[in-house]
Amino acid sequence: MMRAQEADPTNLEVLLALGVSHTNELEQTAALKYLYGWLRHHPKYGTLAPPELANSLYYADVARLFNEAAQMSPEDADALDLKPNYVRAWANMGISYANQGMYEESIRYYVRALAMNPKADNAWQYLRISLSCVSRNDMVEACDSRNLELLQKEFPL
């Protein structure tokens, strides 16, 4: 992906993929850079992303820009609507909620992702972190023992 981005720094698919990848790795600075780049170079949303913002990116700014983009085009499909069985999309939604401090919501998305792929070790780790953040020590034990049935009952989506 990095080579593709070097070859074409404005490739929207590559910018978005890099933004998502860095988000998944909890590398916020790099994630913001690529997600902002996606907005900046997008033909529909480019006007939302002023060039002067590129040197001082903050999560709140980029999140606001994406919310504005969503309001501009509410008809654009959600990734989850396009591929409802795409495990990574459910996990990414969990990561997005966790990054906003919305741990209870993130838990529901991680549990949904794990119901589809119980072998997704990273999702179990993210779930454990979110459970700890909301002081659900009773459910941390269920997470550690990978008791998906109990977790699904407690956190339906």
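**Entry 1: a pocket**

I began with the second largest pocket, which holds about 200 Å³ of space. I note here that the model is a predicted one.

I then looked up which residues line the second largest pocket. The early part of the lining list reads Gln 5, Pro 9 and Leu 15. The list continues with Lys 33, Tyr 34, Tyr 36, Gly 37, Arg 40 and His 41. Pro 51, Ala 54 and Leu 57 complete the lining.

Which helix gives the most to this lining? I found that helix H3, residues 28-41, does so, with 6 residues. Sorted by class, the lining of the pocket has 7 nonpolar, 3 polar and 2 charged residues.

**Entry 2: aromatic rings**

I turned next to the aromatic side chains, for which the count comes to 5 aromatic pairs. I examined Tyr 110 and Tyr 126, whose ring centres are 5.9 Å apart. Their planes meet at 25 degrees, and planes under 30 degrees apart count as stacked, so I recorded this pair as stacked. The pair links distant parts of the chain, since Tyr 110 lies in helix H7 (residues 103-116) and Tyr 126 in helix H8 (residues 121-133), 16 residues apart.

Are these two tyrosines buried or exposed? I took under 20% relative accessible area as the cut-off for buried. Tyr 110 has a relative accessible area of 2% and is therefore buried. Tyr 126, with 13%, is buried as well.

I also noted one aromatic cluster, formed by Trp 38, Tyr 45 and Phe 66.

**Entry 3: a charge over a ring**

I looked up what sits over the ring of Trp 90. It is the charged end of Arg 112, 4.4 Å from the ring centre.

**Entry 4: positive phi angles**

I then checked the backbone for positive phi values in residues other than glycine. Ser 135 has a positive phi of about 55 degrees, although it is not a glycine. I located Ser 135 in the loop between H8 and helix H9 (137-144). Its relative accessibility is 55%, and because the cut-off for exposed is over 50%, Ser 135 counts as exposed.

Arg 146 is also not a glycine, and its phi is positive, near 55 degrees. I placed Arg 146 in the loop between H9 and helix H10 (148-154). With a relative accessible area of 39%, Arg 146 falls between the two cut-offs of 20% and 50%, so I entered it as partly exposed.

Methods
Residues numbered from 1 in each chain as written. Predicted model: local features only at pLDDT ≥ 70, side-chain atom pairs only at ≥ 80, totals over all residues. Heavy atoms only, no water. 1 Å grid on protein atoms, 1.4 Å probe; cavity = no way out; pocket = protein on both sides within 12 Å on 5 of 7 lines; lining within 4 Å. Points joined across faces, edges and corners; volume = space filled by probe spheres on them. Helix = DSSP H or I, 4+ residues; strand = E, 2+ residues; numbered from the N terminus. Nonpolar A, V, L, I, M, F, W, Y, C, P; charged D, E, K, R; others polar. Phe/Tyr/Trp six-rings, centres within 6.5 Å; stacked < 30°, edge-to-face > 60°. Buried < 20%, exposed > 50% of the residue type's maximum accessible area, 1.4 Å probe, protein only. Lys NZ or Arg CZ within 6 Å of the ring centre and 35° of its normal.
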